[in-house]
Amino acid sequence: MFPKELWKFVLPFLDLDSILNGVRLLDNGAKEEAEDYVKSRVFYMLPKYKGEDKNSGVKYLSEEERGQVKLTIDNGRFLLGGQPFTSGMPNESSPQMQVAHLFAVDVKGNFFVYTKGMGGSNGSLKVHHSSILAGADVICAGFIAIKNGKLLYISNCSGHYQPQVDGLMKAISLMVEKGVVLSNDFEVKYEAPGKLRPTTYKAKAFIDGTPAVLQNLLLK
């Protein structure tokens with residue numbers, strides 16, 4: 001068996017499939033290390049984007065600005081400033097941005113949304129997923145579409161963070177804890193590693209199609 005003392009140092013360099021195989025096959029000590037790693041894993045901004053706020057004209061929100069774009073979830077409905085939230089900017093040229101906002105979930109499980117034109121935005125500055133948390137680590141990031149507080153779809157499409165399936169599942173689990181019903185009423189757009197376009201699933205079908213070991217670890 002792979003020694004527990006070495007396993008914990010190897011984990012950050014393995015792909016998710018290898019880690020999940022470790023959960024299934026390794027002895028108890030290493031298995032616990034793998035389980036804890038998957039449950040606590042976050043995604044960092046790719047190093048090539050470091051300094052983009054100073055060198056590339058990318059907007060980074062201040063803590064005060066971030067507080068203005070923090071979503072809450074009450075009985076399964078998404079609120080911004082206490083009111084049902086609707087995402088998208090109708091005048092955007094991108095069809096996606098007409099209905100969706102960028103979103104990020106911080107390491108404490110808080111949801112934030114942002115797009116050009118929101119508070120703190122500057123038309124001369126670029127807006128990326130890193131803008132929301134000022135480059136800090138995320139549980140997940142991507143695009144989210146909401147209408148009158150009701151979730152329409154969520155994705156993990158973020159070039160800056162490239163969250164994997166476990167990050168997307170953690171975001172869904174956090175929503176379910178707050179009353180979002182895990183059914184086929186909303187969609188999941190999942191972009192697999194190395195793919196340029198996401199695949200769209202009904203939410204329950206997406207979860208049912210993930211490895212059972214991952215469901216057991218991440219869904220409460």
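**Exercise 1. Work out how strands 2 and 3 pair, and place them in the sheet.**

Step 1. Strand 2 (residues 77–80) runs antiparallel to strand 3, and 2 bridges hold the pairing. Strands pair here if DSSP finds at least two bridges between them. Strands are DSSP runs (E, at least two residues) and helices are runs of H or I with at least four, both numbered from the N terminus.

Step 2. Look for the facing residues: leucine 79 stands opposite proline 84 of strand 3.

Step 3. Now zoom out to the open sheet, where 9 strands follow the order 3-2-1-5-4-6-7-8-9 with mixed pairing. Its edge strands are strand 3 (83–84) and strand 9, each pairing on one side only.

A word on the model before you go on: it is predicted, so local features need pLDDT of at least 70 and side-chain atom pairs pLDDT 80 or more, while totals for chains, interfaces and linings use all residues. Residues are numbered from 1 along each chain as its sequence is written, and side-chain values use heavy atoms, leaving out hydrogens and water.

**Exercise 2. Find out whether helix 8 is enclosed or open to solvent, and check its length.**

Step 1. Start with the length: helix 8 (residues 165–177) has 13 residues and reaches 18 Å from its first C-alpha to its last. That is close to the 18 Å expected at 1.5 Å a residue, where the expected span is 1.5 Å times one less than the number of residues.

Step 2. Next comes burial. Buried means under 20% relative accessible area, exposed over 50%, and partly exposed in between (1.4 Å probe, protein chains only). In helix 8, 10 of the 13 residues are buried, so the helix is largely enclosed by the rest of the structure. Among them are Val165, Leu168, Met169, Ile172 and Met175, and also Asp166 and Lys170.

Step 3. Follow the chain onward: just after helix 8, glycine 179 has a positive phi of about 105 degrees.

**Exercise 3. Trace the salt bridges and say where their partners sit.**

Step 1. Set the rule: a salt bridge is a side-chain nitrogen of Lys or Arg within 4 Å of a carboxyl oxygen of Asp or Glu. The count comes to 6 salt bridges. Side chains of opposite charge can pair when their charged atoms come close.

Step 2. Take the neighbours aspartate 53 and lysine 54, whose side chains meet at 3.5 Å, N to O. Aspartate 53 is partly exposed at 29% relative accessible area, whereas lysine 54 is exposed at 70%.

Step 3. Move to lysine 202 and glutamate 187, with their closest N and O atoms 4.0 Å apart. Lysine 202 lies in strand 9 (residues 199–202) and glutamate 187 in strand 8 (residues 187–190), so this salt bridge ties together parts that are 15 residues apart in sequence. Lysine 202 is partly exposed at 42%, and glutamate 187 is partly exposed at 25%.

Step 4. Turn to helix 9 (residues 203–208), where aspartate 208 and lysine 204 are 4 residues apart, or about one helical turn. Their side chains form a salt bridge of 3.1 Å, N to O. Aspartate 208 is partly exposed at 48% relative accessibility, and lysine 204 is partly exposed at 38%.

Step 5. Finish with the shared partners: salt bridges join Glu187, Lys189 and Lys202 into one network.
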